[in-house]
Amino acid sequence: MNSNTKKLTTIGMLCALAYLAVAVGRIPLVLFLKYDPKDVVIVIGGLIFGPCASFVIAFVVSLAQMLTISGNGILGFLMNVISSCSFACTAAWVYQKRRSRRGAVAGLLAGWMCMVCVMLLWNYLIAPIYMGCTRQEIAELLIPAFLPFNLIKGGVNAAITVLIYKPIVRALRHAHLVEPREKT
């Protein structure tokens with residue numbers, strides 16, 4: 001099978017797994033905020049194929065989520081893409097520069113911190129529109145609700161990724177869906 005076909009097939013499979021993760025794995029955490037593990041799948045796609053793959057998976061899954069199970073419409077879609085990409089694309093970009101375990105951990109930590117900062121800003125800007133409350137009410141929720149939620153979400157996603165990345169890549173290599181790692 002052609003390597004581009006394998007890549008496209010694997011990215012499609014990761015999109016399906018990420019959607020499944022959001023559809024069945026939602027867990028309430030802080031107030032009205034729910035954790036879902038889709039970003040783990042998205043960042044694994046990025047660590048394997050690069051930041052652009054993370055963006056594509058995040059976009060496709062967020063679009064499918066908006067059209068099926070989300071009640072937040074286009075603004076929820078936008079927030080999902082921004083959240084997932086700030087975590088996964090950042091992690092994949094850092095890992096792409098330094099392809100080692102240390103590079104992966106540094107990428108995941110950078111993605112985690114980037115997501116926390118970006119989502120504080122975007123929640124302040126966008127949440128009042130789709131939640132139907134004032135910006136002041138959202139500002140009062142930033143530290144007691146949004147900050148802990150994003151810290152927990154990013155930390156859990158980074159930890160799960162560190163635990164399952166290697167076995168998943170090994171399985172994908174064994175299935176000949178990912179090219180073997182080149183010896184340097």
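**Aromatic pairs in the model**

Hi everyone, let's start with one ring: Phe59 is partly exposed, with a relative accessible area of 36%. Please keep in mind that what you see above is a predicted model.

So who are the neighbours of that ring? Phe55, Phe59 and Phe77 come together as one aromatic cluster. Across the structure, the count of aromatic pairs is three. Let me take you through two of them.

A quick reminder before the numbers: two aromatic rings are described as a pair by the distance of their centres and the angle of their planes. For Phe59 and Phe77, the centres are 5.3 Å apart and the planes sit at 80°, so we call this pair edge-to-face; the cut-off for that label is over 60 degrees. Now look at where the two residues sit. Phe59 belongs to helix α3, residues 51-68, while Phe77 belongs to helix α4, residues 73-97, so the pair ties together parts that lie 18 residues apart in sequence. And is Phe77 buried or exposed? Phe77 is buried, at a relative accessible area of 12%.

On to another pair, Tyr95 with Tyr165. This one is also edge-to-face, with 6.3 Å from centre to centre and 80° between the planes. Here distant parts of the chain are linked: Tyr95 is in helix α4 and Tyr165 in helix α6, residues 135-174, with their positions 70 residues apart in sequence. Both Tyr95 and Tyr165 are buried.

One last thing to find on your screens, this time with a charge involved. Arg135 places its charged end over the ring of Tyr124, at 5.4 Å from the ring centre.

That's my tour, thanks for listening!

Conventions:
Residues are numbered from 1 along each chain as its sequence is written. This is a predicted model: local features need pLDDT of at least 70, side-chain atom pairs count only at pLDDT 80 or more; totals for chains, interfaces and linings use all residues. Side-chain values use heavy atoms; hydrogens and water are left out. Rings of Phe, Tyr and Trp (its six-membered ring) pair if their centres lie within 6.5 Å; planes under 30 degrees apart count as stacked, over 60 as edge-to-face and the rest as tilted. Helices (H or I, at least four residues) and strands (E, at least two) are DSSP runs, numbered from the N terminus. Buried means under 20% relative accessible area, exposed over 50%, partly exposed in between (1.4 Å probe, protein chains only). A charge sits over a ring if NZ of Lys or CZ of Arg is within 6 Å of the ring centre and within 35 degrees of the ring normal.
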